[in-house]
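Colleague: Before I accept the descriptions attached to this model, I should like to hear the reasoning behind them. Would you please show it to me?

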Amino acid sequence: EVTIEISEAPAVGSMLPVASREAHADLWGSSEFLRLFVSHRAEEKQLAAEIKQACVLLGISCFVAHEDIEPTAEWQSEIERALRSMDALAALLTPAFHASAWTDQEVGFAIARGVPVIPIRLGHDPYGFIGKYQAVAGANRTGHELTREIVTTLLQRFTITQRRMQTALIARFEQAESFAHANDLIKLIDNLGALPEDLVDRLEAAPEKNNQVQGAYAVQAYLPPLLRRLRQGNAD
């Protein structure tokens with residue numbers, strides 16, 4: 001004889017629900033930007049800050065704990081909120097990275113959620129569950145250079161982040177802050193290959209909405225042939 005009783009205790013190992021794009025907007029900002037958690041030790045806080053600054057110009061919102069947690073906030077809760085709602089995680093792998101329980105747990109959280117992890121080698125190779133990932137070489141490189149590698153990785157290596165990164169670049173293009181910014185973005189977008197029709201429509205309309213896009217010389221040179229190629233590709 002078997003007796004089945006309902007228990008109200010939480011299931012061990014149950015997956016956390018994925019938060020909506022609006023649920024943690026105070027941490028991330030624009031819902032269309034890709035959300036990147038930067039896991040790092042204190043000695044790499046300057047590089048993490050540089051990556052964050054470069055990322056926002058390309059449509060990536062970064063969570064960097066030492067910058068993004070208000071002094072009055074319960075810091076562990078804020079980190080957990082960011083981990084639950086991130087799209088990807090970049091790990092700055094210094095020799096001391098593994099010695100921190102927090103950084104290892106952040107990576108473990110990403111693995112458990114099935115979130116892409118981008119290891120950045122700064123004197124230490126990927127290990128454990130992230131040992132299967134090809135690391136980005138980080139030694140003697142600036143935050144700007146590493147951000148370009150991160151964008152390429154998110155577009156080419158992980159199907160789960162490809163559409164999100166495409167959308168983020170188009171959204172950032174629509175909001176370009178200067179002619180130089182628009183010029184830089186259109187050159188990146190020109191290398192994307194195929195784009196969904198809705199993003200092509202937004203790309204075409206961007207100059208009408210932003211005079212910094214409209215007046216940028218590279219946009220004027222690149223955009224018409226790019227739109228023809230994308231429209232033709234979608235028609236085929």
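The exchange below takes up several descriptions in turn and gives the grounds for each.

Colleague: What kind of model is this, and what is its overall make-up?

Modeller: It is a predicted model. The chain has 236 residues, of which 45% are buried, and its secondary structure comes to 11 helices and 5 strands. The C-alpha atoms fill a box of roughly 70 × 50 × 40 Å along the principal axes. The accessible surface is about 12400 Å², with 52% belonging to carbon and sulfur atoms. Of the contacts with a separation of 6 or more, 71% are between residues 24 or more positions apart.

Colleague: How do you know that the structure holds 0 disulfides? What about Cys 55 and Cys 62?

Modeller: A disulfide requires two cysteine sulfur atoms within 2.5 Å. The closest cysteine sulfur to that of Cys 55 is in Cys 62, at 3.6 Å, and therefore too far for a bond. Cys 62 is likewise in no disulfide, its nearest cysteine sulfur being that of Cys 55.

Colleague: Are these two cysteines, Cys 55 and Cys 62, buried or exposed, and what makes them so?

Modeller: The term buried applies under 20% relative accessible area. Cys 55 has 0% relative accessibility, so Cys 55 counts as buried. Cys 62, with a relative accessible area of 6%, is therefore buried as well.

Colleague: Why is Leu 192 called buried?

Modeller: The same cut-off of under 20% decides the matter. Leu 192 stands at 16% relative accessibility and therefore counts as buried. Leu 192 is in the loop between helix 8 and helix 9. Beyond four places in sequence, Leu 192 is in contact with Leu 155 and Leu 169. Its C-alpha atom is separated by 23 Å from that of Asn 211, 19 residues apart along the chain.

Colleague: How do you know that Glu 44 has no salt bridge?

Modeller: A salt bridge needs a side-chain nitrogen of Lys or Arg within 4 Å of a carboxyl oxygen. For Glu 44, the nearest side chain of opposite charge is Arg 41, 9.8 Å away, and Glu 44 is buried without a salt bridge. Glu 44 lies in the loop between strand 1 (34–39) and helix 2 (45–56). Residues up to four places away in sequence aside, Glu 44 touches Leu 92, Thr 94 and Leu 122.

Colleague: What is the corresponding case for Glu 106?

Modeller: Glu 106 is found in helix 5 (residues 101–113). Glu 106 is buried yet has no salt bridge, with Arg 41, the nearest side chain of opposite charge, 9.3 Å away. Not counting residues up to four places away in sequence, Glu 106 touches Phe 37, Ser 39, Ile 79, Leu 83 and Leu 89.

Colleague: What covers the buried residues of helix 8, and which residues of helix 8 are buried?

Modeller: In helix 8 (residues 179–189), the buried residues are His 181, Ala 182, Asn 183, Leu 185, Ile 186 and Ile 189. The cover includes helix 7 (159–174), helix 9 (197–209), helix 10 (211–214) and helix 11 (217–235).

Colleague: Which residues touch the most other members of the largest nonpolar core?

Modeller: That core has 67 residues, and Leu 36, Phe 173 and Leu 203 touch the most other members. Apart from neighbours within four places in sequence, the contacts of Leu 203 are Ile 170, Phe 173, Ile 186, Ile 189, Leu 195, Leu 223, Leu 226, Leu 227 and Leu 230. In soluble globular proteins, nonpolar side chains tend to be buried together.

Notes
Residues are numbered from 1 along each chain as its sequence is written. This is a predicted model: local features need pLDDT of at least 70, side-chain atom pairs count only at pLDDT 80 or more; totals for chains, interfaces and linings use all residues. Side-chain values use heavy atoms; hydrogens and water are left out. A nonpolar core is a set of buried Ala, Val, Leu, Ile, Met, Phe, Trp, Tyr and Cys residues joined through side-chain atoms within 4.5 Å. Buried means under 20% relative accessible area, exposed over 50%, partly exposed in between (1.4 Å probe, protein chains only). Contact means heavy atoms within 4.5 Å. Helices (H or I, at least four residues) and strands (E, at least two) are DSSP runs, numbered from the N terminus. Lys and Arg count as positive and Asp and Glu as negative; His and the chain ends are not counted. Accessible areas come from the Shrake-Rupley method with a 1.4 Å probe; for residues, only the protein chains shown count as cover.
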